[in-house]
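This briefing covers backbone geometry that departs from the usual pattern. Please view the sequence and structure below before reading the points.

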Amino acid sequence: MKVLVIGGGGREHALAWKLAQSPNVQRVYVAPGNGGTQRDAHLFNVPMTDVQALRAWAQVEHIGLTVVGPEAPLAAGVVDEFRAHGLRIFGPTRAAAQLESSKAFSKAFMKRHSIPTAAYDTFTDPKAAHDYIDRMGAPIVVKADGLAAGKGVVVAQTLQEAHEAVDFMLLDNTLGVSHNADPSGLVVPRVVIEEFLQGEEASFIVLCDGKSVLALATSQDHKRLHDGDQGPNTGGMGAYSPAPVVTPEVHARAMREIIWPTVRGMAQDGVPYTGFLYAGLMIDAQGAPKTLEFNCRMGDPETQPIMMRLKTDLLDVMLAATEVDPNGESTGALDRMDLEWDRRWALGVVMAASGYPLNPRKGDAIAGLPQDQQDAMVFHAGTLFEADQLVTSGGRVLCVTVLGDTIKQAQQRAYELAKGVHFDGMQYRQDIGHRALKN
């Protein structure tokens, strides 16, 4: 079978790498891919991002399965387009992807279906937003309603930070938010402002086929730029799996109180959910999880350590998740799947470009990459080739990801490999995994 992975980041490199290991895969294409997928002899880049062009290409190439990585093509309706032409694709429809593409939609959905989350309000008027912040006080969380590549959330510790975030999102759009349209089609900048939740964060990712749910290994992301969880929020500076904070009891509560109500609620609202569903959880001292956000895709960089630990053939899982009956309805085949995980820890350290997250520099030459191994991989995100030289092309450039018998061993090994890699202005955290080491 020929398989297509849509996207060009570290998540897509990891998904394509895992799919290529299946004995039933003939070829794995990545659209548009990056320098890392280009240098991998088992992967083939397709320099294409337009949804209709990709669909037409997939028809000509007889692509048997497409897996969507990032949020932008989902919000653009790539799943609707492929399905309308009889192509097998894993991901949510445009309507279902509103769980991520619109924070306002997501919060209203959670409120309607009694899914635990932070108290909030939604604003289009800057003055009203500023007044609300003054009334509620800090710390407080300001979120862009539209997509912002993982950077549309500001956890403001002071009133000044909160007011600046509102101006960034509603007036200046410094963060490059893709604002959503209102029912009339008019694009309206909008923010969601919500209470600050105390606790420990974890990434809870499942696969959905519209009827069944299959949970992936737990993981924890490190959102802040600097050690000790300081500095600005980023798309993620590293991750590890499993996450000790997600105990069996927390796992059961997350499934019972958040995941299943979401899947059933979407079906009840006439928008069956298929694809990866990522619930960002805040787990309090009593082990009660609340939903920080939903993503309609796997997390990046959580995908990299999760794929390193997955022993089950990912193609088999994706085929079960996209199995339909003659009427085009999901058969719920995910119920028949069991996932096998490597008992070892996986840990990934993101190496970011100079100036990341606001103004990442591009074009710096990359040197010192280690050889790919089954238990130690450098997944590429912001890389490309210029005249046979691998260079930086985005904010998060690489994710050095390894397996280790303990979290400490995985951490030490990842940083040993990271020390050998070089590009000008390179920045990375030195404490990925610190929360697991404390547990």
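## Unusual backbone geometry

The model is predicted. Most peptide bonds are trans, and most residues other than glycine have a negative phi. The points below take up cis peptide bonds and positive phi angles in turn.

**Cis peptide bonds**

- A31 and P32 are linked by a cis peptide bond, its omega being near 0 degrees.
- P32 belongs to strand β2, which covers residues 27–32.
- The bond from A138 to P139 is also cis, with omega about 0 degrees.
- P139 sits in a loop, with α8 (126–136) before and β7 (140–144) after.
- The two prolines thus fall in these settings: P32 in strand β2, and P139 in the loop between α8 and β7.

**Positive phi outside glycine**

- S114 is not a glycine, yet its phi is positive, at about 55 degrees.
- The loop that holds S114 runs between α7 (103–112) and β6 (120–123).
- S114 has a relative accessible area of 64%, and because exposed means over 50%, S114 counts as exposed.
- D388, likewise a residue other than glycine, has a positive phi near 65 degrees.
- D388 is located in the loop between β20 (383–386) and β21 (389–392).
- With a relative accessible area of 77%, D388 is exposed too.

Definitions and conventions: Residues numbered from 1 in each chain as written. Predicted model: local features only at pLDDT ≥ 70, side-chain atom pairs only at ≥ 80, totals over all residues. Heavy atoms only, no water. Helix = DSSP H or I, 4+ residues; strand = E, 2+ residues; numbered from the N terminus. Buried < 20%, exposed > 50% of the residue type's maximum accessible area, 1.4 Å probe, protein only.
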